[in-house]
Amino acid sequence: MSVFKLFDPNRKTLKRLRKIADQVLSLADEYKQFSDDELRHKTAEFKERYGNGESLDSLLVEAFATVREASTRVTGLTPFKVQVMGAIAIHEGNIAEMKTGEGKTLTAVMPAYLNALTGEGVHIVTVNEYLAGREANGEIGDLFRFLGLSVGLNIRDLTSEEKRAVYNCDVVYSTNNELGFDYLRDHMVIYKENIVQRPLNYAIIDEVDSILIDEARTPLIISGGEKNTADLYKQANYFAIRLKEEEDYDIDLKDKTINLTETGIKKAEAHFNLENLYDLSNVSLLHHINNSL
């Protein structure tokens with residue numbers, strides 16, 4: 001053994017990963033004896049144990065063994081030891097480099113399943129919608145569903161209501177661009193009820209170098225078409241010049257803001273024949289009134 005290998009920092013890590021992977025593989029014979037229902041019930045058991053205070057790390061060996069056996073039954077493929085080692089590395093927040101054909105798709109199922117047990121959602125990010133759809137609607141999605149987890153596919157054609165339902169699934173497949181645009185759109189809504197994404201919990205990124213380096217050079221921009229607002233400015237200005245300071249609006253010199261009073265709001269609603277000036281559909285008008293003031 002060379003001196004370089006002896007002091008290789010990865011050597012100790014790989015030794016630890018092999019040890020944990022051996023523990024996972026040692027449960028194979030026991031888990032083969034489970035019926036399909038008994039294997040599915042492991043998910044509910046793990047969730048209950050997590051809710052009672054056990055950590056995901058303490059559940060890892062049993063959870064990964066469950067996924068291995070379920071994969072054998074659903075896909076006909078059983079993750080090898082090296083795939084289990086890669087899954088452990090991914091769960092711990094590291095990058096696992098695997099060659100084409102080594103089964104990275106199946107590797108990602110194990111940490112995704114484990115982290116979905118919290119009920120807070122897992123995102124699996126791919127470079128295009130074809131790959132996302134192939135996994136979500138194919139055998140990998142069936143594997144998650146066999147284990148009692150819901151699977152969602154986030155694509156651009158979905159409505160806000162459909163996207164909200166997808167993001168509430170246990171496992172969500174999406175492209176990096178669609179996740180980014182949904183994030184931007186969520187920060188443009190007026191009411192929190194219109195937000196589609198829930199708090200971020202855990203993500204697995206396929207082709208991480210492409211997504212976080214190559215594609216990250218291209219900014220995501222949401223733009224709107226040019227609108228003819230000249231008439232609206234005239235109407236808002238016609239209304240604003242007839243208002244009285246302190247009675248209809250207040251000026252805060254310190255914060256450099258100006259706001260309508262309750263009296264001013266009622267006058268605006270009467271003038272423009274509105275039920276609620278602060279309704280979402282009237283945001284543009286309110287903006288023009290404030291600018292006129």
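The C-alpha centres of domain 1 and domain 2 lie 50 Å apart, and that is a good place to start looking at this predicted model. According to the domain assignment of the chain, domain 1 covers residues 8-214 and domain 2 covers residues 229-292.

Let us begin with helix H4, which spans residues 36-51. His41 has its place in this helix. With a relative accessibility of 51%, His41 counts as exposed, because the exposed class begins over 50%. If you look from His41 to Asn10, you will find that 31 residues separate the two in sequence, while their C-alpha atoms are 37 Å apart in space.

Stay with helix H4 a little longer and turn to Arg49. The side chain of Arg49 forms a salt bridge with that of Glu45, at 2.9 Å from N to O. Both residues belong to helix H4 and sit 4 residues apart, which is about one turn of the helix. Arg49 also pairs with Glu54 in a salt bridge, where the closest N and O atoms are again 2.9 Å apart. How do these three residues compare in exposure? Arg49 has a relative accessibility of 17% and therefore counts as buried, since the buried class is under 20%. Glu45, at 24%, is partly exposed, and Glu54 is partly exposed too, at 29%.

Another pair to visit is Glu178 and Arg185, whose side chains meet in a salt bridge of 3.2 Å, N to O. Here the acidic partner is the buried one: Glu178 has a relative accessible area of 7%, whereas Arg185 is partly exposed at 36%. Returning to the pairs in and around helix H4, salt bridges with shared partners link Lys42, Glu45, Arg49, Glu54 and Glu62 into one network. In total, the model has 20 salt bridges.

Now for the surface, and two patches to pick out there. In one, Ile190, Tyr191, Leu280 and Val283 form a nonpolar patch with about 320 Å² of accessible area together. Leu280 lies in the loop that runs between helix H14 (262-271) and helix H15 (283-292). Its relative accessible area is 38%, so Leu280 is partly exposed.

The other patch carries negative charge, and it gathers Glu245, Glu246, Asp250, Asp252 and Asp255 on the surface. To find Asp250, look in strand E5, which covers residues 249-252. Asp250 counts as partly exposed because its relative accessibility is 42%.

Note on methods
Residues are numbered from 1 along each chain as its sequence is written. This is a predicted model: local features need pLDDT of at least 70, side-chain atom pairs count only at pLDDT 80 or more; totals for chains, interfaces and linings use all residues. Side-chain values use heavy atoms; hydrogens and water are left out. Patches are made of residues with over 30% relative accessible area and no salt bridge: like charges are joined within 9 Å, nonpolar side chains (Val, Leu, Ile, Met, Phe, Trp, Tyr) within 5 Å. Accessible areas come from the Shrake-Rupley method with a 1.4 Å probe; for residues, only the protein chains shown count as cover. A salt bridge is a side-chain nitrogen of Lys or Arg within 4 Å of a carboxyl oxygen of Asp or Glu. Lys and Arg count as positive and Asp and Glu as negative; His and the chain ends are not counted. The place of a charge is taken as NZ of Lys, CZ of Arg, CG of Asp or CD of Glu. Buried means under 20% relative accessible area, exposed over 50%, partly exposed in between (1.4 Å probe, protein chains only). Domain bounds come from an automatic or database domain assignment.
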